[in-house]
Amino acid sequence: AAVQYLFAHEIQPSDTGAGDEAFWDLHMAKKGARAFAEDLIKGVLAHLPAIDGCIQLKKEHRLTGMEIESVHLTVPHLVLELTGKRTPQVGLEGKFSVFYAAAVALMQGAAGEKQFSDKLAKDPTVVALRDKVTATVDPAIGPEQVRVVLTTKDGRKLEKFVQDAIGSVKKPMSDAALEAKFSDLADDVIPAAKARKVMDLCWGV
């Protein structure tokens, strides 16, 4: 239910919440399962801007993650409220940690399902960078915004302000990005040829 709920937001993002009840009308779930799915997705959506900013900085400056001395995030209050877990021990906990999400995005240039694995949550290099990430709340930062400031070991200061994260209402995911995400999620479930066929069938609807 959580994965379907996330895709519903990514395919047709909404800042009104109008589509949520329609989704649950079509995908009946027990109260506990629905609450878990909604909390999980709120957490994922809350740290999307931080992930987006970190990936952009990594690509622009060809960072490996090893050269980073510190990372500071300026975020809206909901980010720390929903994803403020400081030391996640398993992949699922990592989805509720903006610190882990920023670190793994900087190390791997992605933050898909594979990046939120139990193995990576305990990886020494990811944990070391995660512990260098700090965050403060600024009421002036909007719900889909973040300011990321990196300091490198050689003294450079790199900054990125994200106005609208990819996947938000104002900046929806491209078709190519949706396909890449689907392929990533389907990779360990069905062969690539079948995943491609499913995508083609979906686009044909």
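## Reading a sheet and a helix pair

Mentor: Let's start with one pairing: β3 and β4 run antiparallel to each other, joined by 6 bridges. Keep in mind that this is a predicted model.

Trainee: Happy to start there. What holds strands of a sheet together in general?

Mentor: Backbone hydrogen bonds do the pairing, and the strands can be parallel or antiparallel. Here, V148 stands opposite K160 in β4.

Trainee: How many residues lie between β3 and β4 in their hairpin?

Mentor: There are 4 residues between them, and G155 in the turn has a positive phi of about 95°.

Trainee: Now the whole sheet. In what order do the strands come?

Mentor: The order is β2-β1-β3-β4, an open sheet of 4 strands with mixed pairing. At its edges are β2 (133-137) and β4 (157-162), each of which pairs on one side only. From one strand to the next, the twist averages 15°.

Trainee: And which way do β1 and β3 run relative to each other?

Mentor: Strand β1 (residues 68-75) and strand β3 (residues 146-152) are antiparallel, with 6 bridges joining them. As a landmark, look for S70, which stands opposite T151 in β3.

Trainee: Which helix packs on this sheet?

Mentor: That is helix α4 (residues 48-61), which touches β1, β3 and β4. The direction of α4 makes about 135° with that of β4.

Trainee: How should I read the side chains along a strand?

Mentor: In a regular strand they alternate between the two faces of the sheet. Try it on β4: L158, K160 and V162 point to one face and are buried. K157, E159 and F161 point to the other face and are not buried.

Trainee: Let's move to helices. What describes two packed helices?

Mentor: Two quantities do: the angle between their axes and the distance between the axes. For helix α10 (residues 175-186) and helix α11 (residues 192-203), the axes come within 10 Å and cross at roughly 140°.

Trainee: Why is the pair α10 and α11 called oblique?

Mentor: An angle must be over 145 degrees to count as roughly antiparallel, and the crossing is roughly 140°, so α10 and α11 are oblique to each other. The crossing of α10 past α11 is right-handed.

Trainee: Which residues make the contact?

Mentor: From α10 come D175, L178, E179, F182, S183 and A186, and from α11 come A195, R196, V198, M199 and W203. By class, that contact has 7 nonpolar, 1 polar and 3 charged residues.

Trainee: Finally, how many helices and strands does the chain have?

Mentor: The chain has 11 helices and 4 strands, and buried residues make up 40% of its 205 residues.

Conventions: Residues are numbered from 1 along each chain as its sequence is written. This is a predicted model: local features need pLDDT of at least 70, side-chain atom pairs count only at pLDDT 80 or more; totals for chains, interfaces and linings use all residues. Side-chain values use heavy atoms; hydrogens and water are left out. Axes are lines fitted to C-alpha atoms, for helices over the stretch in contact, and angles run from 0 to 180 degrees between N-to-C directions. Helices (H or I, at least four residues) and strands (E, at least two) are DSSP runs, numbered from the N terminus. Angles under 35 degrees count as roughly parallel, over 145 as roughly antiparallel, 65 to 115 as roughly perpendicular and the rest as oblique. A crossing is left-handed if the near helix is turned anticlockwise from the far one by less than a right angle, and right-handed if clockwise. Contact means heavy atoms within 4.5 Å. Ala, Val, Leu, Ile, Met, Phe, Trp, Tyr, Cys and Pro count as nonpolar, Asp, Glu, Lys and Arg as charged, and the others, Gly among them, as polar. Two strands pair if DSSP finds at least two bridges between them. Buried means under 20% relative accessible area, exposed over 50%, partly exposed in between (1.4 Å probe, protein chains only).
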